[in-house]
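Trainee: Got a minute to go through this one with me? I'd like to start with the domains.

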Amino acid sequence: MATEAKRVTDIGPPQYEQFLHPIIKDNYGKWLYHDSIKPGVLSHTGPAGTIFTVRCASPRLVSVNFLRDIMDLADKYSDGYFRFTSRNNIEFLLAKEENIDPLIVDLNAMGTLVGGTNNAISNVVHTQGWVHCHSAATDASGLVKAVMDELAEYFTSEKLPAKLRVAVACCLNMCGAVHASDIAILGLHRTPPRIDNNALPNQCEIPTTVASCPNNAIRPTSIEGKTTVKVDEDKCMYCGNCFTVCPAMPLADPLNDGVSIWVGGKISNARTEPMFTKLAIPYLPNNPPRWPEVTDAVKKIVELYAANARPFERVGEWINRIGWEKFFDMSGIEFTKYHLDDFRHAGTTYRRSLHNRY
Amino acid sequence: MADDLKTPLLDELEKGPWPSFITDIKSMAGKNDYCKDLLGQLEKSYEDKRGYWKHGGLVGVMGYGGGVIGRYSALPDEFPGVSHFHTVRVNQPSGWFYTTDALREIMDIWEEHGSGLTNMHGSTGDMVLLGTRTEELEPIFRALTAKGWDLGGSGSDLRTPSCCVGPARCEMACYDTLAMTYDLTKSYQDELHRPMFNYKYKIKMSGCPNDCTAAIARSDMGIIGIWRDDIKVDQAAFAEYVDSGMDIQGAVVDLCPTGCITVEGKEINIDDSDCVKCMHCLNRLPKALSPGDDKGFAVCLGAKAPIVEGALFGSVIIPFMKIEDGDFEPMHDLIERIWEFWDEHGTSRERIGEFIERISLATFLEGIGEDPSPKMVKAPRDNPYIFYEEYYEEEGASASEE
């Protein structure tokens, strides 16, 4: 009879050095410079030589089948060494320059694309959506697939003015942290939670539920002798924080859930400081499987930016230069009352100067 | 794939140039009921425009409070294969580097004990094993730990620290992001696996102000590389850029935010006293320019997404510090001062950024024992509502002093 291995805990992740290619190990901390060979291909050079990186797209939601195919290619071309990027691309780390083109041929044959470097749209950071999340207002993987099918040429080329980062989050919890992307696609609910008064007293702690609301819209109440809560619907902004602490307050509403589009955020400090994304389109319908209204809107913004921004200007830098009034004018996107902030610190977004373009 | 499964809506997502997650899941659908019923339920979501997952559920492995996210189908009779569909977060290696041998072992474990679907990687950085049953959790944990892997964080705990590619493949790295990620993760296993904080605490490490891990936006504690001395210039390499015909004026000089670059002939001059280390010129001229020798990092606290009080970027709390001789003790000391003060004075579900906004930066700095600096603000206050703590009393003697 096999004896079960002793149960161990708290060992942490494996030490990373064992996963580093020998050239990387030898150049660790001593890299001199990098070069861009072509879209999706970089070289990094240090005293111990050069390593070539080939970057390919990944849906992020991938199976063992996909990963085994990737690993077969890593064995064939990159000595079994590879890595993932912070935007979920896959990078093969090649010692031999002559392996670059055959690897790209094989990657294309397996149905993925090589690119995502420099002035490209890199992979789309995104969330779980209907594939795995209880609070999703839209799907994430499907939206990414639909949008990137339209924008694939900007992944495989470097023809944009600067890098362009797209992110998708399927609700306001923003596991995809879309609040600082060049273009953000954000799923949202638009109606207050529907309270299950039978389940709530058993499932939820009333004080925690009341305290969860950032707008004090939730109050305790009593219905047929049972303590539950009521929502002041005029104050509710559908953030879903109550649902996070109280499962009996779901927000999903197929008729009203949808997608919003945000623009102009950035993370890096290059040239200008990091910026939040700002609202461009308050609502587009959920129209699976290909979300044509969303893909159309995103593509138009990308093309407008590509045609008008100066070299190295990120989307937010471009809009700040031309002014928001011109952005709305050029894009044809309607400016509505929903674009006016009414949450904390809203006043900091009001135009408090005469610096307007007429 | 299973013959009886019809997914006309999802099939539309098999078209087009971008790699299709549907084609991939279908390749698994003949292998297990998880994938078959996941496709069935997802097709129904696409028809009905809503998700069909229940709200959470407390499941995990023995002795841990985090690392597993409970997930149950709201339609278990219709889709029994996903009646349980829990997520296992596996702590990724620093910098997301793998060998095929190591990742194949995990894939074998996962195919035996779960759906075979993954996220490479989750938003916080973990390798996410997507979809398994409660009774499989302990066997998965034992199999993973036997191969040297452990779970990541979830809930109100230290979330799995993650970092950029750093000195492993980037000439811009100002500190060893991989080593620090490994050290902090190993040093705080208890905080990672057993939720006891007010709320989540994410740490991300980027090697330079390009911030490839989005530490300034996505981590409660962003540790971002920076240098203090002059940018190192290789004039010969710069001359090669000039000779190559590059538009140095338009692409570099004119875009410097502080106008501190001048070019005469084939020579570049930088007034480093005005440089804000934005990285633009280094990004454009990587062969000619590199960060200085006095390298370290800044620590920014408080970034988060909107829930609850609005989105925040991290604020500079430590403008500069460095790790000497691989001794991470000063970093541990800082982290523990921060956690102790937040633990004592923060409220439930209050992120550190919201906590600092509520109690004020001045109070927070006093609480963790750091001195204020103009490097921590965009500008001094523009209102006169100052809480003076020192004042004179009638007799002329100086009174309150702390």
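Mentor: Sure. Keep in mind that this is a predicted model. Taken over C-alpha atoms, the centres of domain 2 of chain A and domain 3 of chain A are separated by 31 Å.

Trainee: OK, and how many residues does each of those two put into the contact?

Mentor: Domain 2 of chain A brings 6 residues and domain 3 of chain A brings 4 residues. On the domain 2 side of chain A, the ones touching domain 3 of chain A split into 3 nonpolar and 3 polar, with no charged.

Trainee: Where do the domains sit along chain A, by the way?

Mentor: The assignment puts domain 1 at 16-109, domain 2 at 129-189 + 254-349, and domain 3 at 200-245.

Trainee: Switching topic: how many residues of chain A are in contact with chain B?

Mentor: 92 residues of chain A, against 100 residues of chain B.

Trainee: Which element of chain A gives the most to that side?

Mentor: Helix 2 of chain A, with 8 residues. Several elements supply at least two residues each, including strand 1 (33-38), strand 5 (81-84) and helix 4 (141-155) of chain A.

Trainee: And what's the class make-up there?

Mentor: The side of chain A that touches chain B has 52 nonpolar, 27 polar and 13 charged residues.

Trainee: You mentioned strand 5 of chain A. Which strand of chain B do bridges join it to, and is that parallel or antiparallel?

Mentor: Strand 3 of chain B (residues 97-99), through 3 bridges, and the two run antiparallel. In that pairing, Phe82(A) has Tyr98(B) as its bridge partner.

Definitions and conventions
Residues numbered from 1 in each chain as written. Chains lettered and ligands numbered in written order. Predicted model: local features only at pLDDT ≥ 70, side-chain atom pairs only at ≥ 80, totals over all residues. Domains from an automatic or database assignment. Contact = placed C-beta atoms within 7 Å. Nonpolar A, V, L, I, M, F, W, Y, C, P; charged D, E, K, R; others polar. Helix = DSSP H or I, 4+ residues; strand = E, 2+ residues; numbered from the N terminus. Pairing = 2+ DSSP bridges.
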